[in-house]
Amino acid sequence: MKKEVKIGLIGYGTIAQGVVRLLKENKKEIQSRLGAQLKLVGVADKDWKRKRKYPLEKSLRLNDAYQLINNPEIDIIIELVGDFPGVAEMLIDSLKAGKSVVTANKAVLAKYGKKIFQTAVRTGSQIFFEASVGGGIPVLRALRTGLCANQIQEIYGIVNGTCNYIITEMEQGRGEYKDVLKEAQRLGYAEADPGADVEGIDALHKLVILVLLGYGVSLDINKIYREGISDLSLLDFRTAQDLGYRLRLLAIARQENGFIDARVHPTLIPANSLLAKVEGVYNAIYVRGNFVGPTLFYGQGAGMEPTASAVVSDVMELARNLLSGKKSSRIKPSGYYQENPRQLKFKPIEELKMPYYLRLWVLDQPGVLAKISGILARHKISIRSVIQREGREGDSVPLVIITHLALEKSVQKAVREINRLKVVIQPAKVIRILTELEK
Ligand SMILES: NC(=O)c1ccc[n+]([C@@H]2O[C@H](COP(=O)([O-])OP(=O)(O)OC[C@H]3O[C@@H](n4cnc5c(N)ncnc54)[C@H](OP(=O)(O)O)[C@@H]3O)[C@@H](O)[C@H]2O)c1
């Protein structure tokens, strides 16, 4: 039995420092679980002058990832670089060189996953990517193994801690979006350039990976509807609370009657649901399988330590395979031998039906509601309630309309028409409502 598994690490940023620390601090635990040692033989990074919280010993420092990829001694490559040109190639070349690979790179997997996974299957090399969704939460492993006897029916994920922090701070009335974002940046919960998080791009990348593992379906990222949180206002949070809802940015994937739909958008969910209780930077992924029923995975979705935990758990699983003589994976990267086994057809958001929340700022004049409700009626959208909120900005007042079940396509058309009305001062904010969710 091989008693040592050799590792090369590409990138020495936040997560990589956590990995090196974990390998050191939990060395005994790891060794006693594996019956072997994990030996870090080198770390490649572009810039060793940059100060790190946990500096790396000089003898391990390298400047070029290919010094690791081309090193025949190395068994496992960990890639912790991020979404940069050339990183997909690094993963592919590592697999081609016969290495087992671990990555946390949701962006690269969402964009180039098909090619990367095909390379893994063709070369018989293995790739694990637990840390790419939900940081330290082992939800991908659950989908691949613990839940693999099920047909997954729905996945609802709070998968971006930055957004959940901002949303739950707004929910507490701590300020409008811009102020709360500034505070999140000060605390290190949001990046200086927060676009990938607050516009739902990061959640979209994670959704693509969840869909692959949950349904065996490889979705084109460009087909998936995505909407971020940057135009939510305190008014929406207050109204949501009064109506018995909470707002969360959800990554949603559901299959029904031969169709799959997938989307990322702010969603009104029942205030007493489990996901409504997920606050701050925490993540939670709700998965319902046809035999297991509802399950919920909750924990820290980012950060040095939780993410390192997921990375090293992948390394250990790969090491176990290598130690038992299995170089190629028992399971395909997606967990499926056949792509899209249930032949699910993608249903675009336009074809979905759900209730809607429409927030409008309108001139305070008689007849305004009649104009708006007339447009909605023409598009076969029936109104469940109309709420006139307190508050005034100049001549305009806020108006919230809740609809019954309506077709997204019709809502989009109606809203375009409503926005053209002279009495409508700001484009309507549309928020989709999920009326039923596990309590
Ligand atoms: N941070 C989290 O909480 C978290 C959570 C889950 C998943 N992830 C994922 O984990 C990965 C790493 O994230 P991170 O936060 O640790 O990123 P990071 O702090 O930016 O670290 C990335 C490191 O890679 C280096 N690098 C860039 N190009 C390179 C190249 N061609 N060869 C070698 N090194 C290179 C960077 O150097 P320079 O700084 O000099 O460019 C930096 O030291 C990403 O894919 C991220 O999406 C992160």
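A polar contact is a pair of N or O atoms within 3.5 Å; within protein, one must be able to donate a hydrogen and the other to accept it, and residues adjacent in sequence count only if both atoms are side-chain atoms. The model here is predicted, with local features needing pLDDT of at least 70, side-chain atom pairs pLDDT 80 or more, and totals for chains, interfaces and linings using all residues. Residues are numbered from 1 along each chain as its sequence is written, and side-chain values use heavy atoms, leaving out hydrogens and water.

**Exercise 1.** Find polar contacts of the ligand with R50, K106 and G303.

*Solution.*
- Start at R50: a side-chain N or O atom there is 2.6 Å from a ligand oxygen.
- Next, try K106, where the distance from a side-chain N or O atom to a ligand oxygen is 3.4 Å.
- Then look at G303, which offers a polar backbone atom 2.7 Å from an oxygen of the ligand.
- Finish with the cover: of the 900 Å² of accessible area that the ligand has on its own, the protein covers 77% (Shrake-Rupley method, 1.4 Å probe).

**Exercise 2.** Is G289 buried or exposed, and which residues does G289 touch?

*Solution.*
- Locate G289 in strand β11, residues 282–289 (strands are DSSP runs of E, at least two residues, numbered from the N terminus).
- Check its relative accessible area: at 3%, G289 is buried (under 20%, with a 1.4 Å probe and protein chains only).
- List its contacts (heavy atoms within 4.5 Å): leaving aside residues up to four places away in sequence, G289 touches N150, Q151, I152 and Q153.

Key. Buried means under 20% relative accessible area, exposed over 50%, partly exposed in between (1.4 Å probe, protein chains only).
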